[in-house]
Number of protein chains: 2
Amino acid sequence: MPGKPRFTSVWAREPAPKRAREQPALSRDQIVRAALELLDAEGLEALSMRRLGARLGSGATSIYWHVANKEELLELVLDEVYAEARVPVPAEYGWRDVAAVFAYGLRGAMINHPWSVTLVGSMPSLGPNALAAADKLTKAFELAGFSGMSLDHAVSAVLAYTLGATMPEVSWMNTIGRANVDTEAWMESMRPQMQVAAADYPELLARYKSFENVDMTTSRNLCFDFGLVSMLDGLEARLRQR
Amino acid sequence: MPGKPRFTSVWAREPAPKRAREQPALSRDQIVRAALELLDAEGLEALSMRRLGARLGSGATSIYWHVANKEELLELVLDEVYAEARVPVPAEYGWRDVAAVFAYGLRGAMINHPWSVTLVGSMPSLGPNALAAADKLTKAFELAGFSGMSLDHAVSAVLAYTLGATMPEVSWMNTIGRANVDTEAWMESMRPQMQVAAADYPELLARYKSFENVDMTTSRNLCFDFGLVSMLDGLEARLRQR
DNA sequence: GATAGTACTCGGACGGTGTGCGAGAGATTT
DNA sequence: AAATCTCTCGCACACCGTCCGAGTACTATC
């Protein structure tokens with residue numbers, strides 16, 4: 001009897017049955033680390049169980065002893081990205097600083113691991129590192145005076161903006177090709193297509209043309225900061241009015 | 001000679017060579033429509049070229065005459081989601097109303113088509129409908145007094161928040177299972193795992209427990225609204241101070 | 001009306017994919 | 001010594017995206 005569909009996630013299962021043999025030759029951590037390397041080096045679609053097995057010097061199906069699914073493996077790897085975004089301890093900094101450091105940290109981590117943006121769209125982030133980050137953020141906001149529903153909502157808002165702002169950025173970089181760090185070059189290479197695409201929107205095109213000679217990454221940073229500060233300002237207003 | 005890697009996207013190619021035969025038996029629109037149906041009915045991983053071909057009553061490979069790639073097909077389908085988010089004409093409403101209607105519209109469209117969240121993480125949104133929405137939003141903001149870089153940044157901020165807030169919501173719903181509209185039921189079914197996952201964060205758990213008896217969807221709506229209004233407030237402050 | 005060309009359709013095949021299964025190896029426990 | 005547990009892995013299955021080339025039907029030209 002299948003019963004009602006249950007909620008499944010790596011985080012709901014025992015991480016490892018036990019420590020039995022001295023050297024299990026393969027371990028969950030090892031697998032996750034190797035997967036991370038492969039992903040960083042060759043991207044999401046280069047990660048197959050066979051390739052991962054080869055990199056680990058073991059059979060492809062051996063992995064399935066330590067991990068139930070490919071999807072579970074991806075959950076584990078995604079949480080590693082959240083680990084890269086450090087959150088300062090709440091008591092020592094103001095809530096705005098905590099939020100900003102976290103936001104920049106998460107953005108940086110996602111940019112460092114471009115494959116992660118595809119994953120955040122595919123699965124919820126319930127890993128220990130994601131939870132820890134959310135918890136610390138919540139504590140900082142609580143200390144600042146947020147309470148009740150507003151507390152959760154404020155945390156969610158910062159998280160949402162950070163994710164939503166970073167995702168298209170990285171998505172862009174992904175389609176351009178990760179090897180191409182030369183921003184000027186790809187800007188040049190895509191202009192003709194851009195004109196075709198935006199032919200119906202002369203204003204939009206004009207705007208993008210005017211950005212040609214500003215550095216792309218700093219421009220992106222400014223844009224991110226603008227939105228982040230706006231969000232924090234909006235939250236602060238809500239904090240003061242009560 | 002491969003040359004430098006070019007920027008490729010559906011939107012940069014000729015949409016259809018010409019109209020030659022009376023009834024080409026298959027058309028790009030038809031394909032996109034069928035794909036949409038299949039996606040809505042059975043989700044992203046149920047969409048294969050063979051299944052799509054079968055649904056169209058044609059061979060799987062026939063599709064490749066009208067569409068270069070599966071990925072291109074997905075770009076086309078994703079843009080259809082943006083089409084579902086109507087943006088009121090700028091001149092008749094204030095910028096906040098325009099932004100809010102768009103944000104709610106896009107969120108609704110993504111919730112209606114849960115597979116879309118995976119796609120927005122995988123590819124940039126450069127389709128005509130996405131561009132049209134961005135253009136109208138920009139016009140409304142310009143009318144309101146935003147200018148220069150702030151204009152783009154403000155539009156990006158609203159877009160980013162909307163995407164980032166909706167994505168986790170839908171991601172959640174996806175893993176729970178789309179057929180399960182009964183919010184109470186799945187809330188019940190996942191509580192034990194939730195406790196395991198959040199065992200290290202008693203405060204977090206306590207907070208979620210306190211939400212047990214409020215309706216999940218209205219709670220989500222409130223959360224979305226909170227963040228959106230905060231963002232708009234922040235933007236408005238920036239608008240006034242100059 | 002014959003001929004050439006264009007616009008499509010489609011079956012077959014190729015090289016991949018995730019993963020269930022069962023046989024086995026080696027250490028530990030009884 | 002026997003049984004049990006932990007872990008590895010080759011094989012096989014069903015399915016995937018898509019290249020290729022032959023085949024069909026319609027249009028344009030002579």
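In this predicted model, the buried residues of helix 5 of chain B are covered by elements that include helix 4 (70-84), helix 6 (116-120), helix 7, helix 8 (148-176) and helix 11 (216-240) of chain B; helices (H or I, at least four residues) are DSSP runs numbered from the N terminus. The buried residues of helix 5 are B:Trp95, B:Val98, B:Ala99, B:Phe102, B:Ala103, B:Leu106, B:Arg107 and B:Met110, a residue being buried if 20 or more other C-beta atoms, placed from the backbone, lie within 10 Å of its own. Seen down the axis of helix 5 of chain B, these buried residues fall within an arc of 155°, so they line one face of the helix, the arc being that of the directions from the helix axis to the C-beta atoms. For the 18 residues of this helix (residues 95-112), a span of 26 Å is expected at 1.5 Å a residue, and the end C-alpha atoms, 25 Å apart, agree with it; the expected span is 1.5 Å times one less than the number of residues.

Helix 7 (residues 128-144) of chain B contains B:Leu137, which counts as buried because 23 C-beta neighbours lie inside 10 Å. Apart from neighbours within four places in sequence, B:Leu137 is in contact with B:Val87, B:Val98, B:Ala99, B:Phe102, B:Val155 and B:Val158, where contact requires C-beta atoms, placed from the backbone, to lie within 7 Å. B:Val158, with the same sequence neighbours left aside, is in contact with B:Ala99, B:Ala103, B:Leu137 and B:Met231. The C-alpha atoms of B:Leu137 and B:Val158 are separated by 9.4 Å, the two residues being 21 residues apart along the chain. Both belong, with A:Leu137 and A:Val158, to the residues with the most contacts inside the largest nonpolar core, which has 118 residues; such a core is a set of buried Ala, Val, Leu, Ile, Met, Phe, Trp, Tyr and Cys residues joined through C-beta atoms within 7 Å.

In chain A, an unreviewed UniProt entry places the feature "domain: HTH tetR-type" at residues 25-85, a span that is 62% helix and 0% strand, with end C-alpha atoms 30 Å apart. The feature "DNA-binding region", also from an unreviewed UniProt entry, is placed at residues 48-67 of chain A; annotations of this kind may be inferred rather than shown by experiment.

Chain A averages a pLDDT of 85, and 77% of the residues score at least 70, pLDDT being the predictor's confidence in each residue, from 0 to 100.

Residues are numbered from 1 along each chain as its sequence is written, and chains are lettered from A and ligands numbered from 1 in the order in which they are written. Because the model is predicted, local features need pLDDT of at least 70 and side-chain atom pairs count only at pLDDT 80 or more, whereas totals for chains, interfaces and linings use all residues.

Terms used
Helices (H or I, at least four residues) and strands (E, at least two) are DSSP runs, numbered from the N terminus. A residue is buried if 20 or more other C-beta atoms lie within 10 Å of its own, exposed if 12 or fewer, and partly exposed in between; C-beta atoms are placed from the backbone. Two residues are in contact if their C-beta atoms, placed from the backbone, lie within 7 Å.
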